[in-house]
Amino acid sequence: MEARNRKLDDWYGKILRGEIKLPRFQRYEAWDWKRISSLVNTISQNLPLGITLVLEIGEKEPFISRYLSTAPEPNNRVMEHLLDGQQRLTALWRVLHNNYEWETYYIYIPEFDEHGERESDEQFVYCRGRYFKKNKQRYPLWCDVPEDCLKRGMIPTELLRPEDIQNEINAWIKSATDYRKPEDADKLEEFFNWKKTISDKINELRSVIKNYNLPYLSLPVSTGKDVALDVFINMNTNSKPLSAYDIIVAEVESVKGKSIHELQNELDKKHPDVKHYFDLSYLILNTSALLQEKLPNQRGLWEMDKSLMVDKWADMERGLHEMSVFLYNEGIIDHDRLPTNAVLAVIAALYPFIPEKGDKRGMHELLLKKYLWSAFFTDRYENSAATHAYYDYIALKRIITGEYWETKGGDQYTEDDVPVFNRQNYPISDADELLTAGWPKRDTIRGKAVLAVACRLGSFDFATGHRIDRVNIAKRHYHHIYPDALLKEAEIESFLALNCSLIADNTNQNIGRKEPLKYLKERYKWVSEEIVNERLNSHLIPVAELANGGYDGQSKSERIEKIKTDFDFFLRKRAQLFARAATQLTQGKNISSAEIIKSING
């Protein structure tokens with residue numbers, strides 16, 4: 001086995017020409033947008049990545065193979081099988097073509113940002129979630145408008161693919177900059193210099209991408225299939241590196257002579273609910289970093305004073321306990337039901353500054369409610385979560401502690417100074433966006449936010465009427481309200497947040513593949529219609545739009561069309577209900593299912 005260097009330009013060419021393929025036993029795409037963004041960040045900054053593994057191919061391919069996702073299929077001779085590294089290369093290929101349906105990727109260049117939304121003076125990869133409205137247009141619209149992208153400092157990653165695309169680049173730059181072209185001839189030189197700056201930056205990024213070295217190990221043609229498989233398995237399962245926590249524990253013990261593990265165990269015994277929301281070591285480190293006004297990420301962890309971390313342990317411990325109580329009261333039961341963990345350290349690090357009782361406590365907790373639900377129902381934490389959490393924390397802390405601006409005439413800090421509350425930059429999700437929210441069991445902020453609202457309203461079980469809580473959550477199942485089998489028949493995506501509810505396993509099994517009308521009628525035989533409505537309403541399930549069905553006796557085409565129509569009506573009404581709930585929660589208001597349904601139905 002021989003280690004070799006290979007430029008990204010050469011990897012790209014091999015994929016383009018179909019010379020490199022994947023053995024079919026490799027899993028399909030599995031990376032989410034966070035890992036993809038991290039990968040492209042690493043490459044755009046010319047930092048090293050791990051090594052890949054290929055098997056050289058002779059006259060016959062040893063494994064049944066497939067092309068990388070969305071890559072051309074030219075049917076040329078295959079030269080290599082990619083044994084390890086397919087997630088990286090697939091992500092790179094797709095980012096360099098920007099062909100993900102639900103995300104668009106950019107390189108953020110701070111000096112081009114006229115809006116100042118990102119609060120960063122560093123270059124990074126920005127991913128924007130996309131969604132479709134009823135008119136079938138892809139939103140947000142600005143993502144596809146060069147001028148709007150440039151004003152936000154965004155260079156789309158498809159301009160960086162290592163091909164001869166100078167005409168495409170020139171056209172994009174022209175479209176992006178024409179709005180500033182002066183009529184005064186004396187100002188043309190300045191304008192063209194500015195355009196050249198943009199062109200030079202794009203070419204600089206293209207050069208980095210093209211010449212980036214992605215090394216690989218090469219198994220020779222003579223390698224047997226069994227040996228290749230052994231190497232593949234070993235390359236994917238070996239060794240676990242030290243975590244940031246392990247390293248910081250050693251630093252603290254050398255500085256203070258105290259065992260962080262012992263302190264952590266004591267904290268866990270006193271406040272066992274904290275660990276329901278995330279790994280306790282993560283919460284300790286990130287909360288401690290914010291208490292020292294350091295970023296809640298690895299950089300901030302390295303920079304924080306380890307001695308001061310121990311000195312502030314009591315504040316951090318109180319904050320974590322109060323955070324767990326606050327979240328539970330807001331209907332967030334555990335980590336699996338938490339839309340984003342970015343809020344945890346922010347809330348925990350603010351509680352040491354909040355009085356334990358009195359009017360001010362109520363006022364400050366109202367502020368935390370607005371923050372929590374704004375984090376769930378905006379895209380604030382979909383990119384650069386640690387940086388955004390830091391700036392939100394600093395602004396919220398200044399409000400809570402009653403600080404005054406040194407500028408702005410010495411005015412006190414207000415909610416207008418908290419970035420996540422800026423509705424121009426971070427609008428609350430509307431019904432159209434919620435229609436695209438993914439299955440809440442997956443790692444999707446908006447999908448889990450929808451489920452979080454239902455949990456806050458009680459999510460009564462359909463059959464038993466039991467309110468959801470930490471005791472029965474383990475028995476709850478992610479249930480398709482319109483059964484998966486029914487929607488598959490009509491070739492409709494069923495794994496949507498608005499088609500999900502948490503109900504007990506036996507209830508879900510009893511419902512099975514039945515159409516909504518049938519299992520509703522069965523429930524009505526057991527209890528009164530009023531009680532069933534109450535249980536469904538606690539999930540914000542619109543009963544009238546759900547109580548359709550009647551598909552038996554119809555032709556296949558009529559049945560499919562009716563399923564599609566019924567499901568669309570159901571989703572749109574439920575989206576309106578959750579959008580209304582999101583609006584109220586982000587304003588710090590309490591919600592009830594009856595009031596929300598009445599406000600929409602009239």
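Modeller: Before we start, one definition: the angle between a helix and a strand runs from 0 to 180 degrees and compares their N-to-C directions, along lines fitted to C-alpha atoms. Keep in mind, too, that this is a predicted model.

Biologist: Thanks! At what angle to β7 does helix α2 run?

Modeller: Helix α2, residues 33-44, makes about 155° with β7 and lies across both β6 and β7. Helix α6 (residues 188-211) also packs on the sheet, where it touches β6 and β10, with its direction at about 130° to that of β6.

Biologist: How do I read the sheet itself, and in what order do its strands come?

Modeller: In general, strands of a sheet pair through backbone hydrogen bonds, and the pairing is either parallel or antiparallel. Here three strands form an open sheet in the order β7-β6-β10, paired antiparallel. Because β7 (124-129) and β10 (152-156) stand at the edges with a single partner strand each, one side of each has no neighbour in the sheet. From one strand to the next, the twist averages 50°.

Biologist: How many bridges join β6 to β10?

Modeller: Four bridges link β10 to β6, which covers residues 103-113. To see one of them, find Asp-113, whose bridge partner in β10 is Arg-152.

Biologist: Now the inside. Which residues have the most contacts in the largest nonpolar core?

Modeller: A nonpolar core is built from buried residues, and buried means under 20% relative accessible area. The largest one here has 105 residues, and Val-343, Ile-347, Phe-376 and Val-453 have the most contacts inside it. Helix α24 (residues 556-586) gives the most to this core, twelve residues. Try clicking on Val-453: the residues it touches include Trp-373, Phe-578 and Ile-591. Another core, of 55 residues, lies apart from that one, and Tyr-12 and Cys-149 are among its members.

Biologist: And charged side chains? Why does the pair of Asp-273 and Arg-470 tie together parts far along the sequence?

Modeller: Side chains of opposite charge can pair when their charged atoms come close. Asp-273 and Arg-470 form such a salt bridge, at 3.4 Å from N to O. Asp-273 sits in the loop between α9 and α10 and Arg-470 in the loop between α18 and β12, so the pair ties together parts 197 residues apart in sequence.

Biologist: Is Arg-470 buried or exposed?

Modeller: Arg-470 has a relative accessible area of 19%, so it counts as buried. Asp-273, at 38%, is partly exposed.

Conventions
Residues numbered from 1 in each chain as written. Predicted model: local features only at pLDDT ≥ 70, side-chain atom pairs only at ≥ 80, totals over all residues. Heavy atoms only, no water. Pairing = 2+ DSSP bridges. Helix = DSSP H or I, 4+ residues; strand = E, 2+ residues; numbered from the N terminus. Contact = heavy atoms within 4.5 Å. Core = buried A, V, L, I, M, F, W, Y, C linked by side-chain atoms within 4.5 Å. Buried < 20%, exposed > 50% of the residue type's maximum accessible area, 1.4 Å probe, protein only. Salt bridge = Lys/Arg side-chain N within 4 Å of Asp/Glu carboxyl O. Lists of a residue's contacts leave out its neighbours within four places in sequence.
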